[in-house]
Amino acid sequence: MACLSPWQLQKFQQDGFLVLEGFLSAEECVAMQQRIGEIVAEMDVPLHCRTEFSTQEEEQLRAQGSTDYFLSSGDKIRFFFEKGVFDEKGNFLVPPEKSINKIGHALHAHDPVFKSITHSPKVQTLARSLGLQMPVVVQSMYIFKQPHFGGEVSPHQDASFLYTEPLGRVLGVWIAVEDATLENGCLWFIPGSHTRALVLIHGEVVHKSKQNLSDRSRHAYTFHFMEASGTTWSPENWLQPTAELPFPPLYT
């Protein structure tokens, strides 16, 4: 199980991130990839909802701030696309399965494969070893980092988008479903991390990834949880719990 040692806890508190090699089995990673393949095969996104996901902060605010499809995706499974994959009419210029930037933001709630990974005993044990009393899952994403044009993610803090009072109550879990390398856009603080590595990310640590210029994708599943005990979730966050989907407790 994934109970952190005192050294690992100290390392996480010191560095703001922690790499756990081999956290998932190869079978679990394959199951996620196969399920995503099925979800993509069934994808049906109306022309007016074909939103290009920007990884640059200024473009995010400009493009997504007025996009209801994005802002209302917190309790749904929706598709967001790389820049330059549509013509002026919204038709695909590349194969649809190669056009997706990410799928979000409620795989953890609505899909049984991702729900089982998110709430797995080892994830719960990891959260308990971090001292979390009432963690809730606030969002999840499957990130494709497509070959040749998977977008750069500029340096950022997750807590800027998922703001709480007090700070330090949001944690990210980033799981490499495929090999993450320098060539295909790994996270900047794990140059050369391998498949099945889990990265624990403090909400305030600055991190980024570069554009994928290789001929291999870099699939990853990521989700965030928040310590709900004694924490106020900012009403200014774009992501809000809804009547249909309150933030689900991590512990089952």
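The following dialogue examines strands, salt bridges, aromatic pairs and a pocket in a predicted model.

Student: On what basis are the residues and values in this model given?
Tutor: Residues are numbered from 1 along each chain as its sequence is written, and side-chain values use heavy atoms, with hydrogens and water left out. The model is predicted, so to speak of local features requires pLDDT of at least 70, side-chain atom pairs count only at pLDDT 80 or more, and totals for chains, interfaces and linings use all residues.

Student: How many residues of β10 are buried?
Tutor: Helices (H or I, at least four residues) and strands (E, at least two) are DSSP runs, numbered from the N terminus. Buried means under 20% relative accessible area, exposed over 50%, and partly exposed in between, with a 1.4 Å probe and protein chains only. Ala220, Thr222, His224 and Met226 point one way from β10, while Tyr221, Phe223, Phe225 and Glu227 point the other way, and all are buried. The strand is thus mostly covered, and the count of buried residues is eight of eight.

Student: Which residue of β10 is the bridge partner of Ile175?
Tutor: Two strands pair if DSSP finds at least two bridges between them. β4 and β10 are antiparallel and share eight bridges, with Met141 bridged to Thr222 of β10. β7 and β10 also pair in the antiparallel sense, over seven bridges. In β10, the partner of Ile175 is Tyr221.

Student: Is strand β2 largely enclosed or largely open, and which residue of β3 is the bridge partner of Phe80?
Tutor: Strand β2 covers residues 77–81, and four of its five residues are buried, so the rest of the structure largely encloses it. Five bridges connect β2 to the antiparallel strand β3 (residues 100–105). In β3, the bridge partner of Phe80 is Lys102.

Student: What is the N to O distance in the salt bridge of Asp15 and Lys11?
Tutor: A salt bridge is a side-chain nitrogen of Lys or Arg within 4 Å of a carboxyl oxygen of Asp or Glu; the structure holds six of them. Asp15 and Lys11 both lie in helix α1, four residues apart, about one turn of the helix. Asp15 is partly exposed at a relative accessible area of 24%, and Lys11 is partly exposed at 31%. Their N to O distance is 3.0 Å.

Student: How many residues apart are Arg216 and Asp179, whose side chains meet in a salt bridge?
Tutor: The side chains of Arg216 and Asp179 meet at 3.9 Å, N to O. This pair links distant parts of the chain: Arg216 is in the loop between β9 (207–209) and β10 (220–227), Asp179 is in the loop between β7 (170–176) and β8 (198–202), and the separation is 37 residues.

Student: Is Asp75 buried or exposed?
Tutor: Asp75 forms a salt bridge with Lys76, with the closest N and O atoms 2.8 Å apart. Lys76 counts as partly exposed at 29% relative accessibility. Asp75, at 12%, counts as buried.

Student: What is the angle between the planes of Phe114 and Tyr142?
Tutor: Rings of Phe, Tyr and Trp (its six-membered ring) pair if their centres lie within 6.5 Å; planes under 30 degrees apart count as stacked, over 60 as edge-to-face and the rest as tilted. The whole structure has 12 aromatic pairs, including the tilted pair of Phe70 and Trp238, at 4.5 Å centre to centre and 35° between the planes. Phe70 counts as buried at 6% relative accessibility, whereas Trp238 counts as partly exposed at 22%. Phe114 and Tyr142 form an edge-to-face pair, 5.9 Å centre to centre, with an angle of 80°.

Student: Which helix gives the largest share of the lining of the second largest pocket?
Tutor: On a 1 Å grid over the protein atoms alone, a pocket is an open set of points where a 1.4 Å probe fits, with protein on both sides within 12 Å along at least five of seven lines; lining residues have an atom within 4 Å of a point. The second largest pocket has a volume of about 190 Å³, and its lining includes Leu9, Phe12, Gln13 and Glu227. The largest share, three residues, comes from helix α1.

Note on methods
Grid points are joined across faces, edges and corners, and a volume is the space filled by probe spheres set on the points.
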